[in-house]
Amino acid sequence: MRVMFHVQHLLGVGHIARASRIALALHSAGAQVTVVSGGLPVPGFPPPGPDHLPLPAIAAGPQGFAGLVDRDGRPIDDAFREARRALLLDAFARIRPDVLLIEAWPFGRRQLRFELVPLIRAARARLRPPLIASSVRDILQSGRKPGRDEETVATLADFDAVLVHGDPGFARLEDSFPLAGRIADRLHYTGLVAPPPVAVPPHPPRCDVLVSAGGGAVGARLIETAVAARDLLPPTLSWRILTGPNLPEDRFRALATRAAEAGPGAGGLVVERFHPDLARLMAGARVSLSQAGYNTVCDLLRAGCAGILVPFASGGETEQTLRAGLLARRGLARVLPEEGLAPALLARTIAEALAAGPPPPALPRPDLEGAARTARLLGDLLAARADA
């Protein structure tokens, strides 16, 4: 089974991280996978194994998703779009995939219609078209513009399947996409795309409080508040802070300097940008403090440690708040609002989480086997179509 997997991250690293887990599961199942990525390079993604075709990189500009820029920060123009489109269509013609998997679109990534609409047309024009599937997370951004959902459903007429990477017992697509009923015949829930079960050695490098900010593009406030909260807690606690690869260099240096000036304390303090196995670090921590992005929550659930979530909610963002609320109602995490987050409140919540310990194992948790199930599902859908 030849799979061509298109993925584009614009701000954080969540999209490429989830796609990488799926691509690795497909590769492990024997598929020949090519990940076509269009974002800025991220260490470790995609992982070794699947083939990787990087397109000329684009990212969200200073004004957000409305204005895309190249890797040097210049707004992209028609010539840039044409060059990317040509490379993508050439790759499709060369790979001749049995499965064309597209991450997020058409539920998101409308900025990429200049290359994705021609890609779908090229796929449908083949004598034997590939199986075309959308790969989408379980909770979408609410409050989309009028007509956007109708446009999504119309575009999905050219898709054979919609793979929802979630557990329907935890969150259903219709909770954030009201027209899900109109595509019910193509919806397939895979479970959450979590990392493999964590293998923690008998004496892992532990820390009391692990702070992480995903990609880091919007996590500076959380990290700065955590550094201030540390001064209000016992100095014997050990801390590890991951700022994320996209935190601007000046903010990273300022945070590292501030942490150094605060003093290492008896427990110690480590500030770094990135670690390739966040779930393993969480498994070796007493408390994890993070935002509530899809992949971070999957890591937290796999690790099983006590979690404090501060969902990113600026600019009308709703996805992380919805996800964090679902976890809190099940007793799987504590949640603090981003607005009004203060060192004293955060320190008090960390102390409570340290005293309470991890969630009881008996609490029901969402299905975390979405990567392997996605690989099996695509194989089954392709086989069923061949038998039809």
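In this predicted model, Arg-96 has a relative accessibility of 44% and therefore counts as partly exposed, since that class lies between the limits of under 20% for buried and over 50% for exposed residues. Arg-96 is located in the loop that joins helix H2 (78-95) to E6. Its backbone is notable for a positive phi of about 50°, although Arg-96 is not a glycine.

A positive phi also occurs at Arg-109, another residue other than glycine, where the angle is near 60°. Arg-109 lies in the loop between E6 and H3. With a relative accessible area of 11%, Arg-109 is buried, because the value falls under the 20% limit.

The loop between strand E6 (99-103) and helix H3 (113-125) also contains Pro-106. The peptide bond leading from Trp-105 to Pro-106 is cis, and its omega is near 10°.

Attention is now turned to the nonpolar interior. The largest nonpolar core comprises 53 residues. Within this core, the residues with the most contacts are Leu-26, Leu-101, Leu-210, Leu-309, Leu-327 and Leu-378. When neighbours within four places in sequence are set aside, the contacts of Leu-101 include Val-3, Met-4, Phe-5, His-6 and Ile-22. Leu-101 is likewise in contact with Ala-133, Ser-134, Ser-135, Leu-163 and Leu-378. A second core, separate from the largest one, has 37 residues, among them Ala-91, Phe-107, Val-164 and Leu-179.

Technical notes: Residues numbered from 1 in each chain as written. Predicted model: local features only at pLDDT ≥ 70, side-chain atom pairs only at ≥ 80, totals over all residues. Heavy atoms only, no water. Core = buried A, V, L, I, M, F, W, Y, C linked by side-chain atoms within 4.5 Å. Buried < 20%, exposed > 50% of the residue type's maximum accessible area, 1.4 Å probe, protein only. Contact = heavy atoms within 4.5 Å. Helix = DSSP H or I, 4+ residues; strand = E, 2+ residues; numbered from the N terminus.
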